[in-house]
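These are my notebook entries on one protein chain. I set down what I looked up, entry by entry, with the meaning of each term where I used it.

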Amino acid sequence: MKIKELLKKITGQDKLDIIIENQNKESKMNARIILQTKFEAEKAKGDALLIEQQYKEEIKQVEKKLEATIDQQYAEIQKLRTQLEHATNNRVGKFYVFNPQHGQPRKIYDSYEAAMKDAESVAKISKGQKVFVLKIVSGVQISENYEDYSLIPEEEIPF
């Protein structure tokens, strides 16, 4: 599977493409329905003003429906952009490989790919157990410095 296809699957872009294609088909179908309705109204009633009124109403309804669809697609695109950004950012940094059955992780990997490769080999060795790749996102280090003034001459003590 190519990287572009994998990214499309991870981010849901392939689903978005299908949604857009379906919406385009639905728009064409709605346009056909509008034209067919207009033709039938003209043929049945012969009243141009009534036909125009109905046509405008149908257009407004279709416009409202399409606006709602566009809003939904926009929200989905924003969500996918966020997911893509997170997926991209999550591959940069330092990582652990963690097998819950074998204690704490010990080795730090400098790339996602190296950690993933090791996780796959660990999963094979451990007979299909779930092995996690963990990203290190923060760390804390606290240190206290103690000075022993008993070894320093009295004139050099700062107080």
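**Entry 1: Gln-23.** I looked up the side chain of Gln-23 and found a polar contact with the side chain of Thr-69, at 3.5 Å. A polar contact is a pair of N or O atoms within 3.5 Å; within protein, one must be able to donate a hydrogen and the other to accept it, and residues adjacent in sequence count only if both atoms are side-chain atoms. The model is predicted, so I noted that local features need pLDDT of at least 70 and side-chain atom pairs count only at pLDDT 80 or more, while totals for chains, interfaces and linings use all residues. I also noted that residues are numbered from 1 along each chain as its sequence is written, and that side-chain values use heavy atoms, with hydrogens and water left out.

Gln-23 is found in helix α2, residues 13–45. Helices (H or I, at least four residues) and strands (E, at least two) are DSSP runs, numbered from the N terminus. Is Gln-23 buried or exposed? Its relative accessible area is 17%, so I entered Gln-23 as buried. Buried means under 20% relative accessible area, exposed over 50%, and partly exposed in between (1.4 Å probe, protein chains only). Leaving aside neighbours within four places in sequence, I found Gln-23 in contact (heavy atoms within 4.5 Å) with Thr-69 and Gln-73.

**Entry 2: confidence.** I looked up pLDDT, the predictor's confidence in each residue, from 0 to 100. The protein has a mean of 82, and 91% of its residues reach 70 or more. Among its elements, β1 has the highest mean, 93, and helix α1 (residues 3–11) the lowest, 71.

**Entry 3: helix α4.** I checked the length of α4, residues 112–125. The expected span of a helix is 1.5 Å times one less than its number of residues. For the 14 residues of α4 this gives 20 Å, and the end C-alpha atoms are 20 Å apart, which agrees.

Which residues of α4 are buried? I listed Tyr-112, Ala-115 and Ala-119. Seen down the helix axis, they fall within an arc of 65° (taken from the directions from the axis to the C-beta atoms), so they line one face of α4. An α-helix has 3.6 residues a turn, so residues three or four places apart point the same way. The buried residues of α4 pack against β1 (94–98) and β2 (132–136). On the other side of α4, Lys-117, Lys-124 and Ile-125 are exposed. After α4 comes Lys-127, with a positive phi near 55°.

**Entry 4: aromatic pairs.** I found two aromatic pairs in the structure. Rings of Phe, Tyr and Trp (its six-membered ring) pair if their centres lie within 6.5 Å; planes under 30 degrees apart count as stacked, over 60 as edge-to-face and the rest as tilted.

Phe-95 and Tyr-112 are edge-to-face, with 5.7 Å centre to centre and 70° between the planes. Phe-95 lies in β1 and Tyr-112 in α4, so this pair ties together parts 17 residues apart in sequence. Phe-95 is buried at 2% relative accessibility, and Tyr-112 is buried at 18%.

Phe-98 and Phe-132 are stacked, with 6.4 Å centre to centre and 25° between the planes. Phe-98 lies in β1 and Phe-132 in β2, so this pair ties together parts 34 residues apart in sequence.
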